Amino acid sequence: MFPPKPKTKKFVYLDHAATTYVDERVEKVMKPYYGKIFGNPSSLYEAGRVANGELNDCHRKVAEIIHALPDNIIFTGGGSESDNLAIFGVTRKHANFGKHIITTKIEHHAVLNPIEHLEKESFVVTYLEPDSRGFISPKKVRAEIRPDTILISIMYANNEIGTVEPIADIGREILKYRKENNSIYPFFHTDACQAGGVLELDVEKLHVDLLTLNASKIYGPKGVGMLYKRRGVNIVPLIYGGGQEMNLRSGTENLAGIVGFTKALELAQENRQDENMRLVELRDYFYDQISKKIDKIKLNGASLGNENSRLPNNLNVTFMDVEGEAMLLYLDAYGICCSTGSACTSTSLEPSHVLTALGLPYEYAHGSLRFTLGHCNTKADIDYVMKYLPGIVEKLREISPVQMGNKKHAKYK
Ligand SMILES: *Cc1c(COP(=O)(O)O)cnc(C)c1O
């Protein structure tokens, strides 16, 4: 039987880009909001006023961290909702001015799918190509701006390969265009979900008009996020109702979630420098071990040397001649969680749109694994993985029914 059952099965979580567990300190501050502080922030009596006071505090605290104003912060039901609010909010409000959007081929589906939807509503979209390591060139962004461009959406850091985009430089190019053309367009949105825990989030330095964050990637609760919206950028809501969140996100506020998100963001930003250094060291050790013990591998995304251009916790590696899914499932048998670049179901073997956009040949995109490290990980976790990974790869290379690189794949499509 392969894989053999390990004698002592550990649980090693290496998928922090998918979601994180909730930090105990976050859980603790959320708890009262399921009990004592249950009032509706819109109610006028004291219990409501108390809740409203807490809500205002959250607006203030988050605004301070990202260098914005309290009423620039719209709390939402997560990263996808914030992306949708930014994209539909801007395009539905400003369609009279223009119907051109610029984005990239490597965005999260929470950005790509709403934009694809808009293409059906006669919007025209330019999809920028990254270079082979995943970078979007600011000059290329500038070159694609047209008189009818109303929105540019480019992620801060990529969820699959960890590449950090030069958002500040792109923002500066867009500002320059607006000045030269005496225009308020195009607006600039960035999806910062993967950056929230690790990168600087100063919206002034980044020169962004809209910025998405969520809690579930930064040790906060799931189903809560925010959209930063610069004053003067008018958008329409997705959800109409009681007019909460400055009329832009109706519905009784998820105050426990918002308090949890705020605490998670505070903790992440407080500790990020030390934690980033720890993660970089751990990740580089991991990669070093992989390259020493396994042959025919390739690192995907930006090189590991430069901390400003790759998320400190991201490792995306192709193992030639192996199916990513097979590796993932074998690792799972040892209690190891990671993810793969191809979203494989029984009926399709589509490789990741991100890896494909890097120009990786089909067979490279298929044998990739993403490991994303976080708070709980130690060197012992990496050593545990390395005890099994080389054997798994070797075994799968022997038994793999699908020889990568020949066209047998086609029959699965
Ligand atoms: C996770 C993620 C999202 C979606 O966030 P949800 O809170 O799950 O809706 C959007 N963009 C990026 C880059 C993400 O990593």
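Begin with the contacts of the whole chain in this predicted model: among those with a separation of 6 or more, 74% join residues 24 or more positions apart.

Keep the full chain selected and colour by secondary structure; 12 helices and 13 strands appear. Turn next to the C-alpha trace, which extends over about 65 × 55 × 40 Å along its principal axes. The radius of gyration of the chain is 22 Å, in agreement with the value near 22 Å for a compact globule, because that value is the one that applies to 413 residues. Colouring by accessibility then shows that 57% of the 413 residues count as buried.

Now select residues 46–66, helix α2, together with residues 255–293, helix α8. How do these two helices pack? The angle between α2 and α8 is about 30°, and their axes lie 10 Å apart. Angles under 35 degrees count as roughly parallel, so α2 is roughly parallel to α8. Rotate the view to look through one helix onto the other: the crossing of α2 past α8 is left-handed.

Display the side chains at this contact. On α2, select A51, E54, L55, C58, K61, V62 and I65. On α8, the partners to select are L255, I258, V259, F261, T262, L265, E266 and Q269. Finally, colour the selection by residue class. Which classes make up the contact of α2 with α8? There are 10 nonpolar residues, along with 2 polar and 3 charged ones.

Notes. Residues are numbered from 1 along each chain as its sequence is written. This is a predicted model: local features need pLDDT of at least 70, side-chain atom pairs count only at pLDDT 80 or more; totals for chains, interfaces and linings use all residues. Side-chain values use heavy atoms; hydrogens and water are left out. Axes are lines fitted to C-alpha atoms, for helices over the stretch in contact, and angles run from 0 to 180 degrees between N-to-C directions. Helices (H or I, at least four residues) and strands (E, at least two) are DSSP runs, numbered from the N terminus. Angles under 35 degrees count as roughly parallel, over 145 as roughly antiparallel, 65 to 115 as roughly perpendicular and the rest as oblique. A crossing is left-handed if the near helix is turned anticlockwise from the far one by less than a right angle, and right-handed if clockwise. Contact means heavy atoms within 4.5 Å. Ala, Val, Leu, Ile, Met, Phe, Trp, Tyr, Cys and Pro count as nonpolar, Asp, Glu, Lys and Arg as charged, and the others, Gly among them, as polar. The radius of gyration is taken over C-alpha atoms; the globule rule is 2.2 Å times the number of residues to the power 0.38. Buried means under 20% relative accessible area, exposed over 50%, partly exposed in between (1.4 Å probe, protein chains only).
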